[in-house]
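Trainee: Got a minute to go through this model with me? I'd like to start with the backbone.

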Amino acid sequence: MSQRPASPSAAAAFPVSFEFFPPKTAEGAEKLRAVRQQLYARRPEFCSVTYGAGGSTQEGTFGTVREILAEGVTAASHFSCIGATEETVRAQLAQLKAMGVKRLVALRGDLPSGYGAGGAFHYASDLVAFIRAETGDDFHIEVAAYPEVHPQARSPEADLQAFAAKVRAGADSAITQYFFNADAYFRFVDETHRLGLDVPVVPGIMPILGSTQLMRFSDACGAEIPRWIRLRLLGFGDDVASIRAFGLDVVAELCEQLRTRGVPGLHFYTMNQSGPTLELCRRLGL
């Protein structure tokens with residue numbers, strides 16, 4: 001595919017965004033406020049806040065979104081639909097609009113344990129179509145993309161068609177699940193172009209903070225850790241400093257490959273920490 005390399009002079013203006021999860025304690029909320037202030041120095045295009053299974057963190061999500069907006073930064077609320085009704089989604093959209101939210105990350109979402117399979121929405125494309133029908137162009141809608149295939153997809157082609165359905169339902173852009181293989185991302189983008197889809201697909205970037213947590217996350221969400229990276233991480237044992245130093249090298253190189261080949265931006269999964277993401281931005285000259 002043809003992607004224009006980013007010039008070094010454009011590095012400072014290269015779009016970045018940051019993702020947070022809603023803290024569960026007052027201490028966590030205070031820590032996250034400090035983390036956000038440090039990351040705001042990188043002038044993010046927006047900051048997103050995740051949404052728990054079945055809307056279980058709605059209050060915390062919306063509260064964090066309010067704080068980000070009050071801090072003068074564009075906030076994107078995650079918005080999931082599994083188990084929801086049209087009435088509840090309509091009410092939540094009205095609440096977000098009244099808060100001043102202009103950007104949503106529309107997801108199918110996961111059911112919390114013990115939930116049934118009810119609700120008016122079975123797929124994220126259903127939610128995107130409903131948001132568009134209810135609110136027109138009031139929201140910029142982001143959707144998820146899976147360069148290495150969603151773990152519940154029947155096949156790679158079925159997963160690609162599911163992504164196409166979200167775009168055709170009205171999505172403006174996409175953020176990927178994190179990955180460590182740039183070729184997987186570019187192949188996915190090529191395949192979307194084959195289907196006539198032209199929305200920006202922004203790579204999701206996961207800093208490597210520890211080996212056990214990363215491997216657990218990756219096994220659950222279908223993100224592949226290349227064998228050489230997995231073996232190096234296992235070889236460091238409990239040496240957290242070495243794991244993080246190695247992780248910074250690996251992820252910084254990945255980001256540079258992506259930026260050089262013309263990706264539309266980078267979305268960092270911060271895990272509510274500032275240090276690793278700030279260091280990655282520094283290495284990239286952002």
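**A loop, then a helix pair**

Mentor: Sure; M271 sits in the loop between β9 (266-269) and α10 (275-284), where helices (H or I, at least four residues) and strands (E, at least two) are DSSP runs numbered from the N terminus. Keep in mind that this is a predicted model: local features need pLDDT of at least 70, side-chain atom pairs count only at pLDDT 80 or more, and totals for chains, interfaces and linings use all residues. Residues are numbered from 1 along each chain as its sequence is written, and side-chain values use heavy atoms, with hydrogens and water left out.

Trainee: What's the phi of M271?

Mentor: About 55 degrees, so a positive phi, although M271 is not a glycine. M271 is also buried, at a relative accessible area of 19%; buried means under 20%, exposed over 50%, partly exposed in between (1.4 Å probe, protein chains only).

Trainee: And N272, buried or exposed?

Mentor: Buried, with 8% relative accessibility. N272 is in that loop between β9 and α10 too, and its phi is positive, near 60 degrees, in a residue other than glycine.

Trainee: Switching topic: at what angle do α5 and α6 pack?

Mentor: About 65 degrees for α5 (residues 156-168) and α6 (residues 182-194), with the axes 11 Å apart. Axes are lines fitted to C-alpha atoms, for helices over the stretch in contact, and angles run from 0 to 180 degrees between N-to-C directions.

Trainee: Which residues meet there?

Mentor: E157, L160 and F163 in α5 meet F188, E191, T192 and R194 in α6, with contact meaning heavy atoms within 4.5 Å.
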